Amino acid sequence: MELTREEESALKGEHGEIMEMAYRILVATGEATDAEKLIPIEWTHLSGVNYNTIGDAGEEFLSSISKDARVKVKTTLNPMGFDADNVSNYGLDENFISKQLSIRKSYETMGVTPSFSCIPYEIFDIPKKDTQVAFAESNAAIHANSYDNLKTNKESAFSALASAITGKSPYSSLRKEDSPNLTIQMKVKDPNELTYGMLGFFAGKVGDTSVRISGLGEMDTRQCKAMCGGMGTSGTCAKFLFGEGQPGVEKIDFDEKEVQNVHDELNTAEKGDIITLGSPQLGLEEISDLTKKLKGRSFQKRCMIFTPRTVKEQAKKIGYINELERAGCEILADCCTCLTPLINKDNVDAVTTNSIKGAFYLKNSNGVDVNLKSLSQIIEDETL
């Protein structure tokens, strides 16, 4: 890799241990991905927040570096493990709570915006076209590359943090112009958000760094997010391009057979004990739509809705939160369906959800069975 004089001196420790560590991470990442150089970035979005995922080692590491480390660019943060407003309702042990709060404090000390959201593209202004960013959250990275006209590699927790501290990122992979060598032809009629989540899951498995998709109609916000969330769980692919692409590119179909294959892989229960909505978290448009779809109906079993705190506050002012709580929903901010300790296999056997991403993590990390349904089907089956 070609480094500037300043980058070389930082790598030698001439700007302190924190900078040396950050540049070592970036150089190692860059060399592993054939990067030519490091380039400036304007925004980082960090994962590595939930105590469930980073554990004691992660908490201690963040506590240690927060004494000296400060972020150089706008830096936002993925969900943590609970909503502090109602954590007492869930029986979490005090060690988890204290360690999670320590992680939060460390990030805030470093100057990170405590957004606790996996949908930064919905709650922050999107920069101008082709702006370089560094997003570690997989669905956010895919959304940035595919819909927001930004450029990011699919960052790790460490590389994104190093980028936040240095304001740099390796110029490799998806930061360069990309020509996918595969086109997926959408062949499913009348797709809903669950179908698009399955399409993303399929694309993530068969694609390389990026994939082209043809045959798509106009998608709404929920369907776009579902596709990004699905892709983010199943492979290294991190960008959709749209249309047929160049002649001679390999083409494969996504049809009802492939829908059934993904469904068979992730759907392991005929019904759920509880319902979860929000993986990726629900934005204001989806909260509004859900309220309208309910039409005064109420859920007949526990329904947990995950949304960013900023969205929850907006929805509360408009009156959506009162209506959803009347319908039996628990509205949780700062956390997410994925990897949450709030859903425990000791007291939940199966979860009903419309999220492919949620289904993947509930099954593989939380150890609970999953009942997959579209939102419309959930409302039809689970409300009165």
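This is a short chat about reading a few features of a predicted model.

Colleague: Let's start with a helix pair. How do people describe two packed helices?

Modeller: In general, you give the angle between their axes and the distance between the axes. Here, take α9 (residues 221-234) and α11 (residues 284-294): their axes come within 10 Å and cross at roughly 120 degrees.

Colleague: And what do you call the arrangement of α9 and α11?

Modeller: Oblique: the crossing angle is roughly 120 degrees, and 65 to 115 would count as roughly perpendicular, over 145 as roughly antiparallel.

Colleague: Which residues meet there?

Modeller: From α9 you have Thr221, Arg222 and Lys225, and they meet Glu285, Glu286, Asp289 and Lys293 of α11. Sort the residues of that contact by kind and you get six charged, one polar and no nonpolar.

Colleague: Next, α4. What would you look at in a single helix?

Modeller: The general idea is that an α-helix has 3.6 residues a turn, so residues three or four places apart point the same way. In α4 (94-109), the buried residues are Phe96, Ile97, Lys99, Gln100, Ser102, Ile103, Ser106 and Tyr107.

Colleague: What covers the buried residues of α4?

Modeller: The cover includes β2 (43-46), α3 (51-65) and β3.

Colleague: What span should α4 have?

Modeller: With 16 residues at 1.5 Å a residue, α4 should span 22 Å, and its end C-alpha atoms are indeed 22 Å apart, so expectation and model agree.

Colleague: What goes on at the two ends of α4?

Modeller: At the start, Asp93 puts a side-chain oxygen within 3.0 Å of the backbone nitrogen of Asn95. After the helix comes Gly111, with a positive phi near 95 degrees.

Colleague: Now loops. Is Gly91 buried or exposed?

Modeller: Exposed, because its relative accessibility is 70% and the cut-off is over 50%. Gly91 sits in the loop between β3 (74-77) and α4. Sequence distance and spatial distance are separate things to check: Gly91 and Pro341 are 250 residues apart in sequence, yet their C-alpha atoms are 9.8 Å apart in space.

Colleague: And Asn366, buried or exposed?

Modeller: Buried, because Asn366 has 9% relative accessibility, and under 20% is what buried takes. Asn366 is also a loop residue, placed between α14 (356-364) and β14 (369-372).

Colleague: What does Asn366 touch, leaving out residues up to four places away in sequence?

Modeller: Leu339, Thr340, Ile343, Lys345 and Tyr361. For Ile343 there is a polar detail too: its backbone oxygen lies 3.0 Å from a polar atom of the Asn366 side chain.

How values were computed:
Residues are numbered from 1 along each chain as its sequence is written. This is a predicted model: local features need pLDDT of at least 70, side-chain atom pairs count only at pLDDT 80 or more; totals for chains, interfaces and linings use all residues. Side-chain values use heavy atoms; hydrogens and water are left out. Helices (H or I, at least four residues) and strands (E, at least two) are DSSP runs, numbered from the N terminus. Buried means under 20% relative accessible area, exposed over 50%, partly exposed in between (1.4 Å probe, protein chains only). Axes are lines fitted to C-alpha atoms, for helices over the stretch in contact, and angles run from 0 to 180 degrees between N-to-C directions. Contact means heavy atoms within 4.5 Å. Ala, Val, Leu, Ile, Met, Phe, Trp, Tyr, Cys and Pro count as nonpolar, Asp, Glu, Lys and Arg as charged, and the others, Gly among them, as polar. The expected span of a helix is 1.5 Å times one less than its number of residues. A polar contact is a pair of N or O atoms within 3.5 Å; within protein, one must be able to donate a hydrogen and the other to accept it, and residues adjacent in sequence count only if both atoms are side-chain atoms.
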